[in-house]
Amino acid sequence: MQLGKFTLKSSNGASDVIMNNVSLTSYSGINAGSVSNETTISVGALNAVYQDWGPINLSLSFDGLDSISLANLQDKQAELSAANAPEIAGQLMVAETMKVLPQLLKNFKFDINELAIATPNGKLTSNLSFSLDDLSNLPPNPLVMLSAIKMDAGIDADKNVLRDFIGSSIEAQTGAKA
């Protein structure tokens with residue numbers, strides 16, 4: 001999908017956000033019982049808060065979502081929704097999700113392959129890889145499952161971009177200019 005120009009109008013008098021040359025591509029599929037997706041978003045130019053940014057590129061993907069577990073989870077959601085009030089169905093679905101999560105995410109991997117932003121003060125590039133160790137021996141408890149997370153990230157930014165980010169963070173936390 002491509003858009004020549006996309007404008008988010010401000011309702012409170014702040015500046016509009018204007019994006020030019022917006023592109024979105026996404027491919028999904030199932031291979032050997034594994035659901036995967038690759039998505040790329042590009043913005044040629046962006047004007048926000050009276051500053052020009054861009055180009056901006058984001059490429060992300062996931063792989064290893066177990067298709068059988070996902071289909072079973074969707075069937076269970078339909079079954080619970082048909083037989084229960086929405087709030088009860090929601091609570092029961094959380095329990096069902098926790099049961100199937102180890103198999104659903106057994107080989108799951110999520111990547112931000114590229115995040116590249118040209119800012120008014122320089123360039124920033126980043127990547128991230130997120131995967132899970134074997135969940136099959138862990139109890140179905142979200143807090144315990146957090147111990148299975150493996151993550152690797154990288155960031156490269158021009159000096160002025162980091163200075164602005166750190167200064168903004170300090171100002172937001174203390175109210176004092178950095």
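Okay, let's start right at the front of the chain: Met1 is exposed, at 61% relative accessible area, where exposed means over 50%, buried under 20%, and partly exposed in between, with a 1.4 Å probe and protein chains only. Before I go on, a caveat: this is a predicted model, local features need pLDDT of at least 70, side-chain atom pairs count only at pLDDT 80 or more, and totals for chains, interfaces and linings use all residues. Residues are numbered from 1 along each chain as its sequence is written, and side-chain values use heavy atoms, with hydrogens and water left out.

So, Met1 sits in the segment before β1. Helices here are DSSP runs of H or I with at least four residues, strands are runs of E with at least two, and both are numbered from the N terminus. What does Met1 belong to on the surface? A nonpolar patch, together with Leu3, Phe6, Leu8, Leu24 and Ile41, with about 500 Å² of accessible area between them. For the patch rules: members have over 30% relative accessible area and no salt bridge, and nonpolar side chains (Val, Leu, Ile, Met, Phe, Trp, Tyr) are joined within 5 Å, while like charges are joined within 9 Å. The areas are Shrake-Rupley with a 1.4 Å probe, and for residues only the protein chains shown count as cover. Strand β1, residues 2–8, supplies the largest share of that patch, 3 residues.

Now let's go inside. A nonpolar core, for our purposes, is a set of buried Ala, Val, Leu, Ile, Met, Phe, Trp, Tyr and Cys residues joined through side-chain atoms within 4.5 Å. Which residues in the largest core touch the most other members? Out of its 16 residues, those are Leu65, Leu73, Leu101, Leu104, Leu105, Leu135 and Met145. The elements giving two or more residues to this core are α1 (67–83) and α2 (86–104), and α2 gives the most, with 6 residues. Apart from this core lies another one, of 10 residues, including Met19, Leu46, Ile117 and Leu124. Back to Leu105 for a second: leaving aside neighbours within four places in sequence, Leu105 is in contact with Leu65, Leu132 and Leu135, contact being heavy atoms within 4.5 Å.

Two buried strand residues next. Ala48 is in β3, residues 34–48, and is buried at 16% relative accessible area. Skipping neighbours within four places, Ala48 touches Ser15, Asp16, Val17 and Trp53. From Ala48 to Val144, 96 residues along the chain, the C-alpha atoms are 41 Å apart. Then there's Ser59 in β5, residues 56–66, buried at 17%. With the same four-place cut, Ser59 is in contact with Thr39, Thr40, Asp111, Ile112, Asn113 and Glu114.

On to charges. Side chains of opposite charge can pair when their charged atoms come close. How many salt bridges does the structure hold? There are 5, counting a side-chain nitrogen of Lys or Arg within 4 Å of a carboxyl oxygen of Asp or Glu. One is Lys76 with Glu79, closest N and O atoms 3.3 Å apart. They are 3 residues apart in α1, so about one helical turn separates them. Lys76 is partly exposed at 23%, and Glu79 is partly exposed at 47%. Another is Lys99 with Glu96, at 3.2 Å from N to O, again 3 residues apart, this time in α2. Lys99 counts as exposed, at 59%. A further bridge joins Lys150 and Asp133 at 3.4 Å. That pair links distant parts of the chain, 17 residues apart: Lys150 in β8 (149–157), Asp133 in the loop between β7 (122–132) and α3 (142–145).

Last bit, backbone geometry. Most residues other than glycine have a negative phi, and most peptide bonds are trans. Asn21, in β2 (residues 17–31), has a positive phi of about 55°, and Asn21 is exposed at 54%. Ala32, in the loop between β2 and β3, also has a positive phi of about 55°, and is exposed at 80%. Where is the cis peptide bond? From Gly54 to Pro55, omega near 5°, with Pro55 in the loop between β4 (51–53) and β5.

And a check on α4, residues 159–174: at 1.5 Å a residue its 16 residues should span 22 Å, and the end C-alpha atoms are 22 Å apart, which agrees. The expected span is 1.5 Å times one less than the number of residues. Just after α4, Gly175 takes a positive phi of about 80°.
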